[in-house]
Amino acid sequence: RVRQDAAATTMADTREVQLTGEGFFEVAHVAGHPFVIHTRHGMITQLGTAFDVRAYREEERTQVVVTEGRGDLRPRGDAALAARAPKPVVLAAGDFAVMAPGGVTNLRHGVDASRYTAWTKGQLRYQDAPLSQVIADLQRWYDVKIELGDSTFANYRLTASLRGGSVAEAMDVVTKSLDLRAVRRGHTVRIVGKNAQPSQRP
């Protein structure tokens, strides 16, 4: 399953996929034929498992969370990286890893995988996430433009669950959690300080 804003291309006559965006995969084990996902930064090889892969072009990283089974994560097509890390990183259920241009970073074990796969049930869940990430997700989810009235808002941290609904309902949860407010004009939502004065149009 891939998000509406994602693109997954299956390579002919193989169990290989090129992914841009986010996708959740449930893969059956086939002896001698592993399932491989290619992203901009790495390759994920799965041997019968379920996992979420996030690889948006603008984020400059690939994020992998395994919910069942196991898989391997390795840099993509970079001889220098391969020489420094000849063995792939092995991920098991509950593991989280990020593949950036410099290799695998932020490897964690025992994470709450349901938080990362909540989107498959029409939800977005955040735990101490920067507002900049939340905005990027909401823009994709609702196909709106979200602006910040103050650049420092991007670093505000959000812990919340957004359970579907309209963009107005989602923005209400976000802004109330951060003591901000949202002003919508057409296709654009602007996040401002709670005491900000309305802008005057000429």
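1. A good place to begin is the pairing of strand 14 (residues 180-185) with strand 15, which run antiparallel and are joined by six bridges; strands here are DSSP runs of E with at least two residues, helices are runs of H or I with at least four, both numbered from the N terminus, and two strands pair if DSSP finds at least two bridges between them. The two strands form a hairpin with two residues between them, and Gly-186 in the turn has a positive phi of about 60°. Within this pairing, Val-183 has Arg-190 in strand 15 as its bridge partner, while Arg-181 has Val-192 of strand 15 as its partner.

2. Before going further, the reader should know that this is a predicted model, in which local features need pLDDT of at least 70 and side-chain atom pairs count only at pLDDT 80 or more, whereas totals for chains, interfaces and linings use all residues. Residues are numbered from 1 along each chain as its sequence is written, and side-chain values use heavy atoms, with hydrogens and water left out.

3. Taken overall, the protein has four helices and 15 strands, and of its 202 residues 41% count as buried, a term that means under 20% relative accessible area, with exposed meaning over 50% and partly exposed in between (1.4 Å probe, protein chains only). Among contacts with a separation of 6 or more, residues 24 or more positions apart account for 45%, where contact means heavy atoms within 4.5 Å.

4. The hairpin belongs to an open sheet of three strands, with the order 12-15-14 and mixed pairing. Strand 12 (145-148) and strand 14 stand at the edges with a single partner strand each, so one side of each is left without a neighbour in the sheet. Neighbouring strands of this sheet are turned by 25° against each other on average, direction ignored.

5. Where does Val-192 sit, and what does it touch? Val-192 is found in strand 15 and counts as buried because its relative accessibility is 11%. Leaving aside neighbours within four places in sequence, Val-192 is in contact with Gly-149, Phe-153, Leu-180, Arg-181 and Val-183.

6. Helix 3 lies across strand 12, strand 14 and strand 15, running at about 160° to strand 12, and helix 4 lies across strand 12, strand 14 and strand 15 as well, running at about 155° to strand 14. The axes of helix 3 and helix 4 come within 11 Å and cross at roughly 170°; axes are lines fitted to C-alpha atoms, for helices over the stretch in contact, and angles run from 0 to 180 degrees between N-to-C directions. Helix 3 and helix 4 are therefore roughly antiparallel to each other, a description used for angles over 145 degrees. In this packing, Leu-131, Val-134, Leu-138 and Tyr-142 of helix 3 meet Val-167, Ala-170, Met-171 and Val-174 of helix 4.

7. The largest nonpolar core has 25 residues, and those with the most contacts inside it are Leu-131, Val-134, Leu-138, Ile-146 and Val-174; such a core is a set of buried Ala, Val, Leu, Ile, Met, Phe, Trp, Tyr and Cys residues joined through side-chain atoms within 4.5 Å. At least two residues of this core come from each of strand 11 (124-130), helix 3 (131-142), strand 13 (157-162), helix 4 (167-177) and strand 15 (188-193), and helix 3 gives the most, with five residues. Apart from this core lies another, of 15 residues, among them Leu-19, Ile-44, Val-66 and Leu-73.

Conventions. Parallel < 35°, antiparallel > 145°, perpendicular 65-115°, else oblique.
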